[in-house]
Amino acid sequence: MTAHKSPIKALAMSKYRIDCTGEDDDNVKSEDGNVSTNRNYLVESLVSVDEAGELAVWNCYDGRCLLHNLRATATGKNAGYPNSISISPNYEFCVLSGYSDKLVVLRLSTLEIVQIVEVSGSKIPRWTRASGFLLQDDPNLLLDYLTLNFNTKGSESLNARQFDPKIGNFVSPACPILPPTIPADKIDEFSTSHLLTCSRANPGLAAIVTKLKHVWLIDFLSGDFVQFSLDFDIDGVEFVRADLLLVWSNSGKLSFYNIFIHKNGGTDFENQGDAM
């Protein structure tokens, strides 16, 4: 990461489209290292952003910096800095969010800014603690972009904006997204949410962590959900596979959970074991 001069705040895996038109066959290699007959292909890449707002795309196979933007974030009084990168499922766009009152959409092929939207129109600055794209069953449908927001008064809220992956624009304002199947006596618990991650394999599936040490697996398409508790403070959560959720603490404790999506509806989990 020699291109960054400020501390790196977020990383995300993606795929970068390489145009090899005009190159010799010996130089046209696919990600597996073989000569490619396709003059336009996707290569595994890593996207990084630092505290100063510099965004870079790296080739995962040879470490080269493919592209960078020295100022990919918004400016202004409450512009702050990003701590999250969300990649659209078609790998065409990314969204930067974090300790900023704005969401910034960039085109991954050029890193140009496509759209900047306000996180909140109120006088109290509202930032984004975590975010992610919910997959849809149909790739032609608009995407829900989930944001876990908070403000200086400590108020938390889970919202969604609709995102058009064809043009890279948010096309609706933020609105609450919790499914009506969540029991009324559990709704208040989500005001303590502090972590959110969306599955990149299962449509509609997201994991939300509250400060009560509860992990909620919610299928936002069907409304199905399951909740389980842990005996340690949770500092991170991530889908590492379609059927595997990783939960960890800053002290180094790890827990793995198998996820079962039933064809007739419903989601279950099973603790695969802990690691230190």
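The side chain of aspartate 224 makes a polar contact with the side chain of serine 222 at 3.0 Å; such a contact is a pair of N or O atoms within 3.5 Å, one able to donate a hydrogen and the other to accept it, and residues adjacent in sequence count only if both atoms are side-chain atoms. The model is predicted: local features need pLDDT of at least 70, side-chain atom pairs count only at pLDDT 80 or more, and totals for chains, interfaces and linings use all residues. Residues are numbered from 1 along each chain as its sequence is written, and side-chain values use heavy atoms, with hydrogens and water left out.

Aspartate 224 lies in the loop between β16 (214-219) and β17 (225-229), strands being DSSP runs (E, at least two residues) numbered from the N terminus. Because its relative accessibility is 25%, aspartate 224 counts as partly exposed, a class between buried (under 20%) and exposed (over 50%), with a 1.4 Å probe and protein chains only. Glycine 266 is 42 residues from aspartate 224 in sequence, yet their C-alpha atoms are 5.5 Å apart.

The two largest pockets are compared by lining class below.

| Pocket | Nonpolar | Polar | Charged |
|---|---|---|---|
| Largest pocket | 18 residues | 10 residues | eight residues |
| Second largest pocket | seven residues | three residues | three residues |

Here Ala, Val, Leu, Ile, Met, Phe, Trp, Tyr, Cys and Pro count as nonpolar, Asp, Glu, Lys and Arg as charged, and the others, Gly among them, as polar.A pocket is an open set of 1 Å grid points over the protein atoms alone, where a 1.4 Å probe fits, with protein on both sides within 12 Å along at least five of seven lines; lining residues have an atom within 4 Å of a point.

How values were computed:
Helices (H or I, at least four residues) and strands (E, at least two) are DSSP runs, numbered from the N terminus.
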